[in-house]
Amino acid sequence: MIKGLKAREVLDSRGNPTVEVSLLTDKGEFTASVPSGASTGKHEAKELRDGSERYIGKGVLRAVENVNKKIAPLIVGKEVDPHEIDKIMIDADGTEDKSNLGANAILGVSMCAFRAEAIRERVPLFRYLSLQFDIKESIPIPCFNVINGGAHGRGGVSFQEFMIVPQEESFTENLRYATEFYHRLKDKILDVVEYGANSVNIGDEGGFVPEAQSAEDVLSLITSVDNKCSLIIDVAASEFFQEDSYIVDRKSLNKEELIAFYKKLIKLAPIMGFEDPLEEDDFVGWSKLKSELGDLLVIGDDLLTTNVKRMEKAKENDSCSGVILKMNQIGSVSEAIRAAKKAKDFGWKIVASHRSGETNDDFLADFAVGIGADYIKSGAPARGERVAKYNRLLKIEEAMYEY
Ligand code: PGA
Ligand code: ZN
């Protein structure tokens with residue numbers, strides 16, 4: 001039974017306010033905090049930010065107040081049924097994009113409810129999720145963001161994330177490989193004298209932000225460490241799409257030229273996929289790109305926003321072969337898991353994902369295992385809020401067959 005619910009403002013990894021929620025039941029207190037994106041898709045559920053006279057700028061006090069004054073009266077005193085709690089909040093919000101109560105308010109409560117119920121059922125969170133939703137659990141392959149560009153790096157490179165995807169025998173081995181790669185990459189960047197010492201400063205997700213000026217420069221740095229390790233590039237193309245053109249590394253390209261550029265890049269490095277290679281509303285363009293890139297993974301993030309309706313549209317158009325799932329894009333745990341089930345029906349690869357603004361909450365790791373995600377992206381193997389998820393996966397892998 002729910003005995004109390006309380007939200008507060010805390011800071012995320014960029015130093016911006018975010019929502020933390022605590023839920024009190026007869027089994028104890030359960031806390032969760034909500035991440036926040038920088039290159040958000042325009043079709044995402046709305047995160048409530050204050051910015052009015054009474055409230056200031058980036059604060060989330062309105063979302064906090066919505067938890068404390070509007071959601072708490074609806075659920076305190078009820079049994080902890082996370083599905084029912086999600087439904088109550090979605091109905092009370094009453095909008096398509098959760099702009100009334102705020103996706104950041106609703107998701108915080110939703111995460112707490114799932115945590116609380118897993119404890120009551122005496123199973124770890126990942127197993128509770130997989131049992132509840134009848135999905136086979138599995139440990140995902142991690143995609144480590146080692147170079148940050150675009151909105152996360154603000155250096156000279158337009159593409160947002162260059163991720164290495166090691167294919168070792170276990171998660172533990174993949175993490176070891178990635179940390180060694182990361183440190184070797186740091187040395188390689190420092191070897192390029194004209195980049196200077198600041199080039200090993202890191203971006204929002206922990207990847208380096210070298211003085212490199214192009215995607216080709218970045219690929220040459222990465223392949224100088226290991227030219228066999230698979231890569232995924234999160235292009236985040238909507239960020240540099242202007243009217244009909246894509247402004248890539250200071251050059252203006254049309255759609256056909258951008259696709260040709262991808263074809264050139266795949267000859268330079270073992271790229272296995274692109275995330276958001278075109279802007280977020282061009283379902284038909286995506287489908288053309290997908291057929292031209294053959295077997296490469298084409299992954300929708302801003303295109304799909306963890307939203308089943310948009311996923312259905314992408315399936316009709318054959319726009320992609322993989323999906324990024326971010327719980328805060330849709331605003332509740334149960335809806336994010338329904339999106340995972342839909343992706344499985346479609347035969348798509350699933351990438352469970354953090355946001356560029358994170359906290360030390362490690363719910364994402366259990367979410368990824370519980371939904372049987374193929375991949376997880378949680379940034380570089382560095383920075384506390386990034387490694388929180390990887391460290392939780394180490395523990396899950398160690399204990400998985402003993403629970
Ligand atoms: P965001 O970026 O969290 O800043 O939106 C992550 C991504 O685009 O995958
Ligand atoms: Zn993305």
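Is D301 buried or exposed? In this predicted model, D301 is buried, since its relative accessible area is 3%. The close-ups below start from that residue.

**View 1. The zinc ion (ligand 2) and its three donor residues.** Here D301 joins D234 and E275 in holding the zinc ion (ligand 2), at 2.1 to 2.2 Å. Read along the chain, the donors are spaced as D-x40-E-x25-D. D234 sits in strand 6 (residues 230-234), while D301 is in the loop between strand 11 (297-300) and helix 10 (308-317), so this pair ties together parts that lie 67 residues apart in sequence. D234 has a relative accessibility of 1%, so it counts as buried.

**View 2. Helix 2 (residues 82-93) and its surroundings.** With 12 residues at 1.5 Å each, helix 2 should span 16 Å, and its end C-alpha atoms are indeed 16 Å apart. Its buried residues are P82, I85, D86, I88, M89 and D93. They cover an arc of only 160° around the axis, so they sit on the same side of helix 2. Among the elements covering them are strand 1 (2-11), helix 1 (61-75), helix 3, helix 4 (125-133) and helix 12 (333-346).

**View 3. The two ends of helix 2.** At the N-terminal end, D81 acts as a cap: one of its side-chain oxygens is 3.1 Å from the backbone nitrogen of H83. Just past the helix, G94 has a positive phi of about 75°.

**View 4. Helix 3 (residues 103-120), mostly covered.** Of its 18 residues, 16 are buried. The end C-alpha atoms of helix 3 are 26 Å apart, which agrees with the 26 Å expected at 1.5 Å a residue. Just after helix 3 comes R122, with a positive phi of about 60°.

How values were computed: Residues are numbered from 1 along each chain as its sequence is written. Chains are lettered from A and ligands numbered from 1 in the order in which they are written. This is a predicted model: local features need pLDDT of at least 70, side-chain atom pairs count only at pLDDT 80 or more; totals for chains, interfaces and linings use all residues. Side-chain values use heavy atoms; hydrogens and water are left out. Donors are N, O and S atoms within 2.8 Å of the metal (3.2 Å for Na, K and Ca); water is not among the atoms, so sites may look incomplete. Helices (H or I, at least four residues) and strands (E, at least two) are DSSP runs, numbered from the N terminus. Buried means under 20% relative accessible area, exposed over 50%, partly exposed in between (1.4 Å probe, protein chains only). The expected span of a helix is 1.5 Å times one less than its number of residues. The arc is that of the directions from the helix axis to the C-beta atoms. Contact means heavy atoms within 4.5 Å. A polar contact is a pair of N or O atoms within 3.5 Å; within protein, one must be able to donate a hydrogen and the other to accept it, and residues adjacent in sequence count only if both atoms are side-chain atoms.
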